[in-house]
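Biologist: Could you take me through this model before I look at it on my own? I'd like the overall layout, then a few details.

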Amino acid sequence: MQKLYLGAAFTLAFVATGFSQTTSTTILGTITDPSGAAVAGAKVTATNIRTQVKREDVSSSTGDYSFPLLDIGEYAVSVEASGFKSISRSGLILQINEKLR
């Protein structure tokens, strides 16, 4: 019985160590109009340049958006909102555990 508990403790310690090491990043921001007012409901797309994997979000009532748990690498972000000109930014380089605003 003692071996079972020791094995379970070792397994839990190993799993916890594996989860503590991450290589993810986050892109976040707030969409505003030229007057500084928040733009709710804007479609925001983050594209990994190397893999072409796209993630989409919609800005909240306060204009906020977030793309957590992204892989490191180069990204482009585009924003589209009804009544506004679309905008895109490229060359966004994300490093390990970085939050890019």
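Modeller: What follows goes from the overall layout to some strands, two residues and a pocket.

Modeller: Please keep in mind that this is a predicted model, in which local features need pLDDT of at least 70 and side-chain atom pairs count only at pLDDT 80 or more, while totals for chains, interfaces and linings use all residues. Residues are numbered from 1 along each chain as its sequence is written, and side-chain values use heavy atoms, with hydrogens and water left out.

Biologist: Fine. What does the secondary structure of the chain come to?

Modeller: There are one helix and seven strands, where helices (H or I, at least four residues) and strands (E, at least two) are DSSP runs numbered from the N terminus. Read from the N terminus, the order of the elements is α-β-β-β-β-β-β-β.

Biologist: And how much of the chain counts as buried?

Modeller: Of its 101 residues, 25% are buried, buried being under 20% relative accessible area, exposed over 50% and partly exposed in between, with a 1.4 Å probe and protein chains only.

Biologist: Let's go to strand E2. Is it mostly covered or in the open?

Modeller: E2, residues 43-48, is mostly covered, since five of its six residues are buried.

Biologist: Which strands does E2 pair with?

Modeller: E2 pairs in the antiparallel sense with E3 (residues 54-58) over five bridges, and also in the antiparallel sense with E5 (residues 73-80) over six bridges; pairing here requires that DSSP finds at least two bridges between the two strands. On the E3 side, Thr-47 stands opposite Lys-54 and Val-44 opposite Asp-57, whereas on the E5 side Lys-43 stands opposite Glu-80.

Biologist: What about the hairpin of E2 and E3?

Modeller: Five residues lie between the two strands, and Gln-52 in that hairpin takes a positive phi near 65°.

Biologist: Why do you say E3 lies largely in the open?

Modeller: Because the number of buried residues among the five of E3 is zero.

Biologist: Back to Thr-47, then. Buried or exposed?

Modeller: Thr-47, which lies in E2, is buried, with a relative accessible area of 11%. Leaving aside neighbours within four places in sequence, Thr-47 is in contact (heavy atoms within 4.5 Å) with Gln-52, Val-53, Lys-54, Glu-74, Tyr-75 and Ala-76.

Biologist: And which residues is Val-77 in contact with?

Modeller: Val-77 is found in E5 and is buried at a relative accessible area of 8%. With neighbours within four places set aside again, its contacts include Ile-27, Val-44, Tyr-65, Ile-87 and Leu-92. Val-77 and Ile-27 are 50 residues apart in sequence, with 9.0 Å between their C-alpha atoms.

Biologist: Changing topic, what volume does the largest pocket have?

Modeller: Its volume is about 340 Å³, that is, the space filled by probe spheres set on grid points joined across faces, edges and corners. On a 1 Å grid over the protein atoms alone, a pocket is an open set of points where a 1.4 Å probe fits, with protein on both sides within 12 Å along at least five of seven lines, and lining residues have an atom within 4 Å of a point.

Biologist: Which residues lie nearest its centre?

Modeller: Of the 20 lining residues, Ile-31, Tyr-65, Val-79, Ile-87 and Arg-89 lie nearest the centre of the largest pocket. Strands E1 (24-30), E5 and E6 (87-94) each supply at least two lining residues, and E6 gives the most, with four.
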